[in-house]
Amino acid sequence: VVGSPLLEIKRGVAFSRDNAGLVAVFDKELRSFMVQDKYKNIYTKWHGKSSGGGSYISQVIVALAVSFVFCIVIVVYRRHAKNIQGKINAEKNKFESLFNELTVGFALHEIICDTAGNPIDYRFLEVNPAFERIAGFPRETILGKTVLEVFPGTEQYWIDRYGKVALSGEPDQFENYSKELDRYFEVRSYAPAIGVFATLVMDVTARKAAEEALTKSEHKWRH
């Protein structure tokens, strides 16, 4: 079929008596298409005149040409979309790899406030493997729960500090002690959206212990 004139294709089909019905269907559908406004508009744009005065063969050629161009556009679009999706998937895989291999604990939360707008709790939305190790709980146990459900003894100052970040949108960096986990943490927090905050958490207990030991040693030698 490819490269053959339309009349030869129809003639080849017509050689078989069994295909007479197929030729009739072909003619009927093609003629039906050529009387539609969509085809007439396309013909007018291409030829600068109405399709009414054109021959049947010229109209068939235009119709096939339009169909061919349309098919080419679809193929190019699908290839382009496939390439874009491939790039998106590659970037997603890179992000997931970075997220999972990050040595610093990462967690995404939403702040929970009382009726007066005061922060009273926050909920875990996402955590990475490093945060799981810090918390001592698997991801499935943490996600969807609040900090007071996972760590009932969490001090209010953690909630207040994170609440300020989530509600104001201003980032924060600090060190603090968690009585619940009996460890010191260095925290960097920011709000990707109002009411939501993310944290980067590093366990600095060993460093704090070394600093305290050094301070005691210096105090001892001075006295």
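In what order do the α and β elements of the chain run from the N terminus on? Colour by secondary structure and follow the chain: α-α-α-α-β-β-α-α-α-α-β-β-β-α. That makes nine helices and five strands. Keep in mind that this is a predicted model.

**Stop 1: the whole chain**

Show the surface. The chain exposes about 15200 Å². Carbon and sulfur atoms supply 59% of that area. Of the 223 residues, 27% are buried. Now think about contacts between residues at least 6 apart in sequence. Among these, 45% join residues at least 24 apart.

**Stop 2: the nonpolar core**

Hide the surface. Select Tyr122, Phe124, Phe131, Tyr162, Val187 and Phe197. These residues have the most contacts inside the largest nonpolar core, which has 23 residues. Which elements give two or more residues to this core? They are strand E1 (105-113), strand E2 (119-127), helix H5 (129-135), helix H7 (147-150), helix H8 (156-168), strand E4 (183-193) and strand E5 (196-203). H8 gives the most, with five residues. In soluble globular proteins, nonpolar side chains tend to be buried together.

Zoom in on Phe197. Leave aside its neighbours within four places in sequence. Its contacts then include Ala107, Leu108, His109, Glu110 and Ile111. Tyr122, Tyr162, Val165 and Ala166 are also in contact with Phe197. So are Tyr190, Ala191 and Pro192.

**Stop 3: the cavity**

How many cavities of 30 Å³ or more does the structure hold? There is one. The largest cavity has a volume of about 260 Å³, and 19 residues line it. Select Tyr122, Phe131, Phe151, Trp158 and Leu181 to find the lining residues closest to its centre. E2, H5, H8, E4 and E5 each supply at least two residues of the lining. H5 gives the most, with three residues.

**Stop 4: strand E1**

Select Leu108, in strand E1. Is leucine 108 buried or partly exposed? Leucine 108 counts as partly exposed, because its relative accessibility is 23% and buried means under 20%. Beyond residues up to four places away in sequence, Leu108 touches Arg123, Phe124, Leu125 and Glu126. Leu108 also touches Pro192, Val196, Phe197 and Ala198. Draw a line from its C-alpha atom to that of Val127. The two residues are 19 apart along the chain, and the C-alpha atoms are separated by 6.4 Å.

Next, select Glu110, also placed in strand E1. Glu110 is partly exposed, with a relative accessible area of 30%. Now add Gly195. Glu110 and Gly195 are 85 residues apart in sequence, yet 5.8 Å apart in space, C-alpha to C-alpha. Leaving aside neighbours within four places in sequence, Glu110 is in contact with Tyr122, Arg123, Leu125, Gly195, Val196 and Phe197.

**Stop 5: a threonine in a loop**

Go to Thr146, in the loop between helix H6 (139-142) and H7. Thr146 is buried, with a relative accessible area of 6%. Show its side chain together with that of Asp121. A polar contact of 2.9 Å joins the two. Not counting residues up to four places away in sequence, Thr146 touches Ile112, Asp121, Tyr122, Arg123 and Phe124.

**Stop 6: strand E3 and the loop after it**

Select Asp172, in strand E3 (residues 172-178). Which side chain makes a polar contact with the side chain of aspartate 172? That partner is Arg161, at 2.5 Å. Asp172 and Arg161 are eleven residues apart in sequence and 8.4 Å apart, C-alpha to C-alpha. Apart from residues up to four places away in sequence, Asp172 touches Arg161, Val165, Val187, Arg188 and Ser189.

Move on to Asp182, in the loop between E3 and E4. Check its backbone. Most residues other than glycine have a negative phi. Asp182 is not a glycine, but has a positive phi of about 55 degrees.

**Stop 7: a glutamate in strand E4**

Finish at Glu186, in strand E4. Is glutamate 186 buried or exposed? With a relative accessible area of 18%, Glu186 is buried. Set aside its neighbours within four places in sequence. Glu186 is then in contact with Gln173, Phe174, Glu175, Leu200, Val201, Met202, Val204 and Arg207.

Methods
Residues are numbered from 1 along each chain as its sequence is written. This is a predicted model: local features need pLDDT of at least 70, side-chain atom pairs count only at pLDDT 80 or more; totals for chains, interfaces and linings use all residues. Side-chain values use heavy atoms; hydrogens and water are left out. Helices (H or I, at least four residues) and strands (E, at least two) are DSSP runs, numbered from the N terminus. Buried means under 20% relative accessible area, exposed over 50%, partly exposed in between (1.4 Å probe, protein chains only). Contact means heavy atoms within 4.5 Å. Accessible areas come from the Shrake-Rupley method with a 1.4 Å probe; for residues, only the protein chains shown count as cover. A nonpolar core is a set of buried Ala, Val, Leu, Ile, Met, Phe, Trp, Tyr and Cys residues joined through side-chain atoms within 4.5 Å. A polar contact is a pair of N or O atoms within 3.5 Å; within protein, one must be able to donate a hydrogen and the other to accept it, and residues adjacent in sequence count only if both atoms are side-chain atoms. On a 1 Å grid over the protein atoms alone, a cavity is a set of points where a 1.4 Å probe fits but cannot get out, and a pocket is an open set with protein on both sides within 12 Å along at least five of seven lines; lining residues have an atom within 4 Å of a point. Grid points are joined across faces, edges and corners, and a volume is the space filled by probe spheres set on the points.
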